[in-house]
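Reader: I should like to learn how a sheet, a helix and a nonpolar core are read from a set of coordinates. Please give the general idea first and the case at hand afterwards.

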Amino acid sequence: MSQLIQLAADGQASIVADAWTRVVPPAAGEESVRKQAGKVVLFKLTGEQTYTAEQIANTEIPATGKILVPLTIWQARKAELQSRLAAGELGIILATNETAEALQAEFPDLNTLPLIAVFVERFADGRIFTLGNWLRTRFGFKNELRAIGDVLRDQLFFHKRAGFNSFLIRADRSAEDALASLNDFSQPYQGGVADVPVWRRVNRA
């Protein structure tokens with residue numbers, strides 16, 4: 001069963017088949033870690049490059065169909081991917097240690113991309129919400145914005161508030177249970193990407 005939840009134009013959510021193939025680089029030879037204050041810190045939280053040159057070169061890209069590729073793969077192999085972009089078959093995965101500015105440097109008009117996915121490696125990494133909000137409000141992205149990675153029920157409602165309109169639920173969790181969470185709150189207090197704070201929505205006169 002599909003793990004992908006998608007919002008329709010009218011705001012209704014449903015579980016749908018995923019037409020996109022995610023391109024994942026091969027595993028690195030050794031896990032890259034940094035030790036700081038007695039703790040192990042994953043390098044993906046430090047702003048360093050997500051993949052090595054060897055991983056990028058050895059990444060297998062399907063010859064046909066819609067593909068989602070990491071930004072670093074696009075940057076290194078854009079010559080071979082230009083035709084997929086022109087055909088509307090290319091989406092980009094942005095990691096939370098990457099910036100919307102870096103994405104716009106590659107795609108001045110972000111709406112040439114039919115899909116941008118933000119990958120969150122850890123549930124507690126709140127940068128996914130900032131990226132979603134900025135892509136919608138500051139950078140004017142209007143197409144599909146997908147949350148992927150450690151995406152769980154408890155945050156789905158807030159992903160939606162941050163501008164995401166599709167959500168790939170973690171494989172070991174129930175997409176049907178997560179679908180119900182989008183109706184957890186009827187009147188959010190704060191403003192979101194698509195609405196204003198409750199004190200501007202509700203007339204108490």
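The dialogue below takes up the sheet, a helix and the core in turn.

Author: This is a predicted model, in which local features need pLDDT of at least 70 and side-chain atom pairs count only at pLDDT 80 or more, while totals for chains, interfaces and linings use all residues. Residues are numbered from 1 along each chain as its sequence is written, and side-chain values use heavy atoms, with hydrogens and water left out.

Reader: In what order do the 8 strands of the open sheet lie?

Author: Strands (E, at least two residues) and helices (H or I, at least four) are DSSP runs numbered from the N terminus, and two strands pair if DSSP finds at least two bridges between them. Here the order is β2-β1-β10-β9-β8-β7-β6-β3, with mixed pairing. At the edges lie β2 (13-16) and β3 (20-22), each paired on one side only. Strands β1 (residues 4-7) and β10 (residues 166-168) run antiparallel and are joined by 3 bridges; Leu4 has Leu168 as its bridge partner in β10.

Reader: How far apart are the end C-alpha atoms of helix α2?

Author: The expected span of a helix is 1.5 Å times one less than its number of residues. Helix α2 (residues 71-86) has 16 residues, and its ends are only 17 Å apart, short of the 22 Å of a straight helix. A bend is the angle between axes fitted to the seven residues ending at a residue and the seven starting there; α2 bends by about 100° at Lys78. After α2 comes Gly88, with a positive phi near 75°.

Reader: Which residues of α2 are buried?

Author: Buried means under 20% relative accessible area, with exposed over 50% and partly exposed in between (1.4 Å probe, protein chains only). In α2 this applies to Leu71, Thr72, Ile73, Trp74, Arg77, Leu81, Arg84 and Leu85. Their cover includes α1 (53-57), β6 (66-70), β7 (90-95) and α3 (100-106).

Reader: Which residues have the most contacts inside the largest nonpolar core?

Author: In soluble globular proteins, nonpolar side chains tend to be buried together. A nonpolar core is a set of buried Ala, Val, Leu, Ile, Met, Phe, Trp, Tyr and Cys residues joined through side-chain atoms within 4.5 Å. The largest has 40 residues, and those with the most contacts inside it are Val69, Trp74, Ile92, Leu103, Leu135 and Phe167. Its largest share, 5 residues, comes from α2.

Reader: Where is Leu103 found?

Author: Leu103 belongs to helix α3 and is buried, with a relative accessible area of 0%. Contact means heavy atoms within 4.5 Å. Beyond its neighbours within four places in sequence, Leu103 contacts Leu71, Ile92, Leu94, Leu110, Leu113, Ile116 and Leu135.
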